[in-house]
Amino acid sequence: MGLHGVKAVFFDLDNTLVDTAAAGRRAIEEVLPCPSGPSALTRPRAPPQVISALQSKHHYGEGEARAICDKVQAKLLKECHDPAKMCITDLRISHWEEAIQETMGGEANRDLAAECYYLWKETRLQHLTLPEDTRGMLTELRKRVRLLLLTNGDRQTQREKIEACSCQPYFDAIVVGGEQKEEKPAPSIFHYCCDLLGVQPSECVMVGDSLDTDIQGGLNAGLKATVWLNKTMTTPVDTSPVPHYIISSILDLPAVLQKMEHKINAKLETDHMASSNE
């Protein structure tokens, strides 16, 4: 049984359904040498091949290794990828290459950078999971509405993430921005999603953590509602797009949809009464 007025829900992937940021941080931690002392018991152990790469090959200390990883993390946060100019693999190897050179000086070491990148990538994918309670929520929600996964990003990178967290069975369709002419927040990709599911924009809800892409995109496309996942419950700046609803956990979504349904039912009842009085 569907929801009145809502036929489909679009979900963002990164930091909405799966905690990509946390997976990336854990991967960074695991390419660092383990310190000595009590803290070594609580930090994930670094893979031996990376310890060898960062310490044996170049005699890096823990501080130098951490500085390299911090620089990579900063570069990832500021990353602007144009697939027409460079593939994502080359770009991210370059992040490591630049971080190593900026920290240690000397000539660039592409081989070491590639070794670090591939291990970081593999480790991050291992930590990408779709939580069990989220799986349950999606399963129940799909009994009532159609579900679509809509994610921006490089085709290969996003498909690897989707495969890693095994989220395909929970969705009626999956759309990756890197495979389309335009990404979120362009209205075209949202309208493409609507066409895939055979629904109208006014029958769809967009759920995501990004005001700039998910919420602004949903507003641009004329969707029925936008739901902003704001885990820290921080107050956005005045110039930010204004979502219809705000939640602190993805598990709060069913309650929001129920609230929407109550509003729609109340309006239908009011309209019916007004019509009867006429």
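This is a short dialogue on how to read some features of the predicted model above.

Colleague: What should I know about the numbering and the model before I start?

Modeller: Residues are numbered from 1 along each chain as its sequence is written, and side-chain values use heavy atoms, with hydrogens and water left out. The model is predicted, and local features need pLDDT of at least 70, side-chain atom pairs count only at pLDDT 80 or more, while totals for chains, interfaces and linings use all residues.

Colleague: Okay, how many helices and strands are there in the chain?

Modeller: Helices (H or I, at least four residues) and strands (E, at least two) are DSSP runs, numbered from the N terminus. Here you get 10 helices and 6 strands.

Colleague: And what percentage of the residues count as buried?

Modeller: Buried means under 20% relative accessible area, exposed over 50%, and partly exposed in between (1.4 Å probe, protein chains only). By that cut-off, 46% of the 278 residues are buried. In helix α1 (residues 20-30), the buried ones are T20, A22, A23, G24, A27, I28 and E30.

Colleague: Which helices do those buried residues of α1 pack against?

Modeller: Contact means heavy atoms within 4.5 Å. The buried residues of α1 pack against α3 (62-77), α4 (88-104), α5 and α7.

Colleague: How do I read a pair of packed helices?

Modeller: Two packed helices are described by the angle between their axes and the distance between the axes. Axes are lines fitted to C-alpha atoms, for helices over the stretch in contact, and angles run from 0 to 180 degrees between N-to-C directions. Take α1 and α3: their axes come within 10 Å and cross at roughly 160°. That makes α1 roughly antiparallel to α3, given that angles under 35 degrees count as roughly parallel, over 145 as roughly antiparallel, 65 to 115 as roughly perpendicular and the rest as oblique. On the α1 side the contact is made by G24, R25, I28 and E29, and on the α3 side by R66, C69, V72 and Q73.

Colleague: At what angle do α5 and α7 pack?

Modeller: Helix α5 (residues 110-127) and helix α7 (residues 155-165) pack at about 40°, with axes 8 Å apart, so these two are oblique to each other. K121, R124 and L125 of α5 meet Q156, T157, E160, K161 and A164 of α7.

Colleague: Is C116 of α5 buried or exposed?

Modeller: C116 is buried, with a relative accessible area of 1%. Its C-alpha atom is 9.7 Å from that of C69, though the two are 47 residues apart along the chain.

Colleague: What about Q158 in α7, buried or exposed?

Modeller: Q158 counts as buried at 3% relative accessibility. Leaving aside neighbours within four places in sequence, Q158 is in contact with L13, D14, T151, N152, G153 and V176. Q158 and V176 lie 7.0 Å apart, C-alpha to C-alpha, and 18 residues apart in sequence.

Colleague: And how should I read the backbone angles?

Modeller: Most residues other than glycine have a negative phi, and most peptide bonds are trans. In this model, S166 has a positive phi of about 55° although it is not a glycine, and S166 sits in the loop between α7 and β3. M233 also has a positive phi of about 55°, and is placed in the loop between β5 (225-229) and β6 (245-247). Relative accessible area is 35% for S166 and 48% for M233, both partly exposed.

Colleague: Where is the cis peptide bond?

Modeller: It runs from K184 to P185, with omega near 15°. P185 lies in the loop between β3 (173-176) and α8 (187-197).
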